Amino acid sequence: MEKLCTACGQSFRPAFVYQVAVTGDGRRNYFCSLECRKSGLGDEAFRARRARRIAILNQKGGTGKTTTAVNLAAGVAERGHNVLLIDTDAQGNVGVSLGVNGEQSLYHVLVEGVDPTDVAVPVRSSLDVITSDATLAAAEIWLARQNPDNRSRIMTKRLNLMQVSRRYDYVFVDCGPSLNLLNQNALSYADEVVIPVTCDYLALVGVKQVLRTIKDIERHLHHAVRISAVLPTFYDGRTRLAREVLETLQSHFKTKCLEPIRLNTRLAEAPSHRKSIFEYAPQSNGAADYNRVVDWVVASSAVKEAPTPTMSAAEAVTTTQPEAPAPRAQAL
Ligand SMILES: Nc1ncnc2c1ncn2[C@@H]1O[C@H](COP(=O)(O)OP(=O)(O)OP(=O)(O)O)[C@@H](O)[C@H]1O
Ligand SMILES: [Mg+2]
């Protein structure tokens, strides 16, 4: 489709990554040439980038979402990437696990429109956290009162600032165990989802529900969410049930099913010491298993960042949701 160049006004058909950029005010700009991009965006012209947004989701309770979010965020930050971890669960387990009690929380970002970079608390080198607490229940009520057409996109609007995308390489979102508006907001903000699944029979039912939720979000919000991985958790290879559930997950999700996180008491102990598993028990099975997941995240980013000269303009959008049609979630 032909667009008008924001800088020179000439009509052209965008074909390259650099020809589309979304500015902090949410405006989509088109540039017919590198010169026009530079004159339109100034110094920022070649620095536009987009943080990778990963939601850790399963509406079933106790599947290892927070453990995964905290250790993935901590592990990726330890590798030197800038990471923002957002807690969208009123239980506030992320802050407790890392020993941080933010003065302001996700409530202030969502309801009061406070700049997320002011609310984020640095907890480790390269790792900032936006915490949550019981006030999030009020945020849920507030969201329910907003216009039904856009109440699921408020998190996206609040976090879709240049500052967030510039400051962070990764944004991890820890979701609560429900189907509430906060989770819908998290899903419409995220580009991809990692689903931790316990290795028991009912967990398989839970995965089906997650897949349905993702499909619904895609259909209603016209927003593509990729299931980038299913992560079997609490795996105890001594039990037949765990082995069978793992096989089922592997046969359905193929390469998207990651190596399981073994049942490991060190993982359960680490939060009470306010430490990630890498700080608390670096030699444990839990650390080894989550290290593998961190490797996978970082390696899959490296693949994405490889030069793609023929990438479509839609993929080039740097700070807002792509316009491309939503891909279908894989059915279980
Ligand atoms: N692999 C594991 N081995 C042993 N304990 C674990 C493991 N993973 C998580 N745990 C512990 O199990 C409990 C539940 O884990 P977690 O809080 O991560 O689940 P969740 O999905 O976030 O729960 P919720 O749905 O309530 O938010 C926690 O006490 C956690 O420390
Ligand atoms: Mg949790």
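Ala, Val, Leu, Ile, Met, Phe, Trp, Tyr, Cys and Pro count here as nonpolar, Asp, Glu, Lys and Arg as charged, and the others, Gly among them, as polar. This is a predicted model.

Start at the ligand. Select ligand 1 and the 21 residues around it; G61, K65, T66, T67 and P177 come nearest. Helix 2 (65-78) and helix 12 (265-269) are the elements that give two or more residues to this shell. Colour the shell around ligand 1 by class: seven of its residues are nonpolar, twelve polar and two charged.

Next, show the sheet. It is open and built from seven strands, which follow one another in the order 7-8-6-9-5-10-11 with mixed pairing. Look at its edges, where strand 7 (121-124) and strand 11 (226-233) each have a single partner strand, so one side of each has no neighbour in the sheet. On average, neighbouring strands of this sheet are turned by 25° against each other, direction ignored.

Now select strand 6 (residues 83-87) and strand 9 (residues 170-174). The two run parallel and are joined by five bridges. One residue to pick out is D87, whose bridge partner in strand 9 is D174.

Then turn to the nonpolar residues. The largest nonpolar core has 79 residues, and A55, A73, V83, L85, F172 and V173 have the most contacts inside it. Centre the view on L85: beyond its neighbours within four places in sequence, L85 is in contact with A69, A73, V94, L127, V129, F172 and D174. Last, select V20, A21, C32 and C36, which are among the six residues of another core, lying apart from the largest one.

Key
Residues numbered from 1 in each chain as written. Chains lettered and ligands numbered in written order. Predicted model: local features only at pLDDT ≥ 70, side-chain atom pairs only at ≥ 80, totals over all residues. Core = buried A, V, L, I, M, F, W, Y, C linked by C-beta atoms within 7 Å. Buried ≥ 20, exposed ≤ 12 C-beta atoms within 10 Å, placed from the backbone. Contact = placed C-beta atoms within 7 Å. Pairing = 2+ DSSP bridges. Helix = DSSP H or I, 4+ residues; strand = E, 2+ residues; numbered from the N terminus. Axes fitted to C-alpha atoms, helices over the stretch in contact; angles between N-to-C directions. Near = placed C-beta within 6 Å.
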